[in-house]
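Dear colleague,

I am passing on the structure below, and after it you will find a short account of what came out of looking through it. Please read the account alongside the coordinates.

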Amino acid sequence: MPLSREKLQEYYALYGFAVRRRCERLLGCSSEADDALQDVFIRAHRYGETCRGETPLPWLYRIADHHCFEVLRKRRPVALQGDSVLGPRKHENLASLSSPERLRLVGQVLAACKEPLREVAVLYYVDEMTQEEVALVARCSRKTVKERLARFLETARSLLAASEVP
Amino acid sequence: MSTIEYLDPARAADHPSARDLECLAFDPEAAHGGDPVGTHVDGCRRCLETVERLRAERRAFLIRRPAAAFVSRILDVKPGRFRQWNRADFPASLLTAFGAAALALVVVTAFMLRGADEGVVHFKGAMVPRLGLLLSRGGSKAAPLDARMPLFEGDVLRFEVELPEQAHVFIASLDSQGRFSRYFPARGASNALLEGGQQVVPGSIVLDDFVGEERVFLFTSPAPLEESALRQTLAEAYERAGRTLARMDATRPPASVAILIHKGRR
């Protein structure tokens with residue numbers, strides 16, 4: 001059963017900003033985020049009944065994540081771009097990066113990751129959940145979360161190494 | 001140790017996750033107090049500021065991108081036209097069906113023969129801004145103009161735009177000799193900030209005695225536009241098109257839409 005126009009408009013007014021913001025963080029591109037925002041709400045309209053019994057924002061985030069992962073999957077794998085936040089600052093402590101810079105780095109690495117790593121990385125780095133919370137949402141063990149985060153970091157290391165100029 | 005090891009999440013100890021703060025900020029049914037996240041935010045200045053900032057950003061977002069316009073873009077389709085069948089219609093309907101099939105065959109064949117460069121391309125994504133023309137001739141009320149109709153000296157044109165969201169707008173033209181004319185805004189600031197939706201822009205232009213073609217461009221941008229930069233952009237696009245207006249479909253600058261108009265002599 002599709003969502004009514006009124007309900008869709010209500011959801012967009014309440015959550016449209018949050019969805020677009022999330023898409024831009026995952027995709028790292030404003031115009032792709034605009035596309036993604038439309039696609040997410042088209043799916044929300046079409047599959048409205050799947051939101052039953054759940055608060056709308058996490059449901060919309062799930063749709064957005066799946067859509068963005070699909071977009072990322074179709075991208076060609078690339079090394080970290082020359083203008084990546086790591087650039088000339090790569091020997092600094094990345095914990096000192098501002099939140100937007102950290103998220104931009106995460107977005108770049110997400111594009112090169114496989115699917116199971118992406119979900120965990122997004123919950124951990126974008127949603128700032130603890131490993132226990134990630135395990136609950138991703139429906140896996142804490143040990144699996146830890147392993148996937150380790151592989152995510154390994155992917156980031158590989159990309160960093162590939163972007164370094166000899 | 002690789003510096004990637006320092007890619008720690010930003011969440012400080014004993015504070016809610018970013019997801020929890022977003023749910024609290026955006027969900028109208030989320031209550032402060034009573035639940036752990038709400039209770040924490042009520043007593044934490046930093047998290048309260050985060051929630052308030054998120055809500056302020058959402059307000060600004062909705063001003064730029066109204067909900068009704070967005071939903072309309074993804075839901076509204078033109079209704080089809082249907083007619084009730086009855087027995088008396090059958091012979092005429094059969095003839096109509098054969099005729100329609102024959103016509104469809106001709107149209108499909110024509111399209112196949114015309115080549116790929118005349119096909120229709122649909123762009124996914126945000127609604128494309130639209131530029132329309134309104135014509136007033138001999139003191140008549142301005143009415144929508146079919147751009148294929150010839151225009152003459154003394155005709156008064158007004159511009160109608162449809163924008164998916166609030167944007168800086170600039171309307172200008174190039175004629176067949178590559179000369180740039182600024183249409184909107186007529187003077188003063190290099191661009192005007194218009195709200196999303198359909199509207200007739202202020203002001204009008206009176207056509208001069210130039211005879212030939214003119215391509216009118218609508219530029220839109222979330223950021224202010226500079227006339228000098230647009231002049232340069234159009235000049236380069238004109239050169240790439242071999243100084244031929246008709247070919248500027250291929251070289252049209254990004255973030256612009258264009259209409260080709262024809263000016264003649266009475």
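To begin with one helix pair in this predicted model, the contact between α2(A) and α3(A) brings A:Glu32, A:Ala36, A:Asp39, A:Val40, A:Phe41, A:Arg43 and A:Ala44 from α2(A) against A:Trp59, A:Leu60, A:Ile63, A:Ala64, A:His67 and A:Val71 from α3(A). Sorted by character, the residues of this contact comprise nine nonpolar, one polar and three charged.

As for the geometry of the pair, helix α2 of chain A covers residues 30-46 and helix α3 of chain A covers residues 56-74, and their axes come within 9 Å of each other while crossing at roughly 130°. Since angles over 145 degrees would count as roughly antiparallel and those from 65 to 115 as roughly perpendicular, the crossing angle makes α2(A) oblique to α3(A). The handedness of the crossing between α2(A) and α3(A) is right-handed.

Turning to the chain as a whole, chain A contains seven helices and zero strands, which gives the pattern α-α-α-α-α-α-α when chain A is read along its sequence. Chain A has 166 residues, of which 48% count as buried, and about 8200 Å² of chain A is exposed, with carbon and sulfur atoms supplying 53% of that area. Finally, among the contacts in chain A with a separation of 6 or more, 60% are accounted for by residues 24 or more positions apart.

With best regards

Notes. Residues are numbered from 1 along each chain as its sequence is written. Chains are lettered from A and ligands numbered from 1 in the order in which they are written. This is a predicted model: local features need pLDDT of at least 70, side-chain atom pairs count only at pLDDT 80 or more; totals for chains, interfaces and linings use all residues. Side-chain values use heavy atoms; hydrogens and water are left out. Helices (H or I, at least four residues) and strands (E, at least two) are DSSP runs, numbered from the N terminus. Buried means under 20% relative accessible area, exposed over 50%, partly exposed in between (1.4 Å probe, protein chains only). Contact means heavy atoms within 4.5 Å. Accessible areas come from the Shrake-Rupley method with a 1.4 Å probe; for residues, only the protein chains shown count as cover. Axes are lines fitted to C-alpha atoms, for helices over the stretch in contact, and angles run from 0 to 180 degrees between N-to-C directions. Angles under 35 degrees count as roughly parallel, over 145 as roughly antiparallel, 65 to 115 as roughly perpendicular and the rest as oblique. A crossing is left-handed if the near helix is turned anticlockwise from the far one by less than a right angle, and right-handed if clockwise. Ala, Val, Leu, Ile, Met, Phe, Trp, Tyr, Cys and Pro count as nonpolar, Asp, Glu, Lys and Arg as charged, and the others, Gly among them, as polar.
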